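Good morning. I have one structure to show today, and I will keep the talk short. Please look at the picture for a moment before I start.

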Amino acid sequence: MKRRSTQPERSFPFLRVNEREGKPRKRALTEIRGPYYSAIGRRYLEDLFETMSAYVDSLKFAGGSFTLMPERAVRDIIKLCHKHDVLVSTGGFIERVLVQGGDAVRRYVAECKKLGFDTIEISAGFISIPTDDWLRLIELVRKSGLKAKPEVGIQFGAGGATAAGELKAEGTRDPNWAIAQAKRFLDAGADIIMIESEGITENVDPWPGKFIDQLGMEKLMFEAADPDVFAWYIKNYGVHVNLFVDHSQIVQLECLRAGIWGTKSLWGRVVTFKDTRK
């Protein structure tokens, strides 16, 4: 995949905004959810990318949606994403594959490579798997020439729109355990860590600061598929935080990052500083 570093083009260039770094970038990454809550095909994405591709770094197929689509449609979406310098991720579907055995996992990774995926997300929201086995999955993905993106959280049952009451009944893990796990994943060669929102920013006191203090922002991407949540991240950690949002929220998120619009608590308060003398 050919990637080039360019500044995003925009109309009204005489109006000041918080300027974006060109792609490829290492911070202020935005991943959007692709097909899942709604059907999204090549023509839909062409419209989205025509207006907002400069602000999208990756697209994620959620819920294993790609396994229901014709192979041609999956290839077309991936090809279009690459045309716009957008990486493509599988989502955390591998945990569904894991219950079918090791051979299925190896075939799954090989097929993802063949279809043109860039990243395999490795999650375990609904299953229990030893950390050492996660490390072997990371190694398998990396040896296949793909990026590994483990998902870490403190809530069992996360990732499937489970009701809040059911999640509360499950309880949560110690965030320090999740941080230690994420450190091991990064040491094993994971490219970035996805932080699951359930138990961290949904219905509980927020924990993200602990993750950022220990791991830094550049290696973390936070699930924030709710406007109040991604506004909270930008308010507390600035425009360079990496966020995963629904594709329908990309414009709203970028208006916040640019500092051109916002809620009452953010209006005119989201700013950046660059030393233009250099």
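I will go through the salt bridges, then a pocket, then a surface patch, and end with a glycine.

Keep in mind throughout that this is a predicted model.

Salt bridges come up in much of what follows, and the structure holds 17 of them. I will take three.

The pair Arg 75 and Glu 71 is a good place to begin. The closest N and O atoms of these two residues are 3.0 Å apart. Both residues sit in helix α2, which covers residues 71–83, and because they are 4 residues apart there, about one helical turn separates them. How exposed are they? Arg 75 has a relative accessible area of 33%, so it counts as partly exposed. Glu 71 is partly exposed as well, at 41%.

The next pair is Glu 121 and Lys 149, whose side chains form a salt bridge with an N to O distance of 3.4 Å. Glu 121 belongs to strand β4, residues 119–122, and Lys 149 to strand β5, so this salt bridge ties together parts that are 28 residues apart in sequence. Are these two residues buried or exposed? Glu 121 has 2% relative accessibility, and buried means under 20%, so Glu 121 is buried. Lys 149 also comes out at 2%, and therefore counts as buried.

This pair does not stand alone. Glu 121 and Lys 149 are linked with Glu 31 and Lys 60 in a network of salt bridges.

The third pair is Asp 132 with Arg 184, where the closest N and O atoms are 2.8 Å apart. Which elements does this pair connect? Asp 132 is in helix α5, residues 131–143, and Arg 184 is in helix α7, residues 175–187, so the salt bridge ties together parts that are 52 residues apart in sequence. Asp 132 is partly exposed, with 41% relative accessibility. Arg 184 is partly exposed too, with a relative accessible area of 40%.

Now the pocket. I mean the second largest pocket, which holds about 490 Å³ of space. Its lining is made of 19 residues, and those nearest the centre are Leu 29, Leu 87, Lys 147, Asp 191 and Ile 192. Two elements give two or more residues to this lining: β3, which spans 87–89, and β5, which spans 147–152. Of these, β3 provides the largest share, with 3 residues. What kinds of residue line the second largest pocket? By class, 10 are charged, 6 are nonpolar and 3 are polar.

Next, the surface. Phe 12, Phe 14 and Leu 15 make a nonpolar surface patch of about 370 Å². If you want to find it in the picture, Phe 14 lies in the segment before β1, the strand at 30–33. Why does Phe 14 count as exposed? Its relative accessibility is 64%, and exposed means over 50%.

Last, the glycine. Gly 91 is in the loop between β3 and α3, where α3 covers 94–98. With a relative accessible area of 1%, Gly 91 is buried. How far is Gly 91 from Ser 123? In sequence the two are 32 residues apart, while in space their C-alpha atoms are 8.3 Å apart.

That is what I had to show. Thank you.

How values were computed
Residues numbered from 1 in each chain as written. Predicted model: local features only at pLDDT ≥ 70, side-chain atom pairs only at ≥ 80, totals over all residues. Heavy atoms only, no water. 1 Å grid on protein atoms, 1.4 Å probe; cavity = no way out; pocket = protein on both sides within 12 Å on 5 of 7 lines; lining within 4 Å. Points joined across faces, edges and corners; volume = space filled by probe spheres on them. Nonpolar A, V, L, I, M, F, W, Y, C, P; charged D, E, K, R; others polar. Patch = residues over 30% accessible without salt bridge, like charges linked within 9 Å, V, L, I, M, F, W, Y side chains within 5 Å. Areas by Shrake-Rupley, 256 points an atom, 1.4 Å probe, with all protein chains shown as cover. Salt bridge = Lys/Arg side-chain N within 4 Å of Asp/Glu carboxyl O. Buried < 20%, exposed > 50% of the residue type's maximum accessible area, 1.4 Å probe, protein only.
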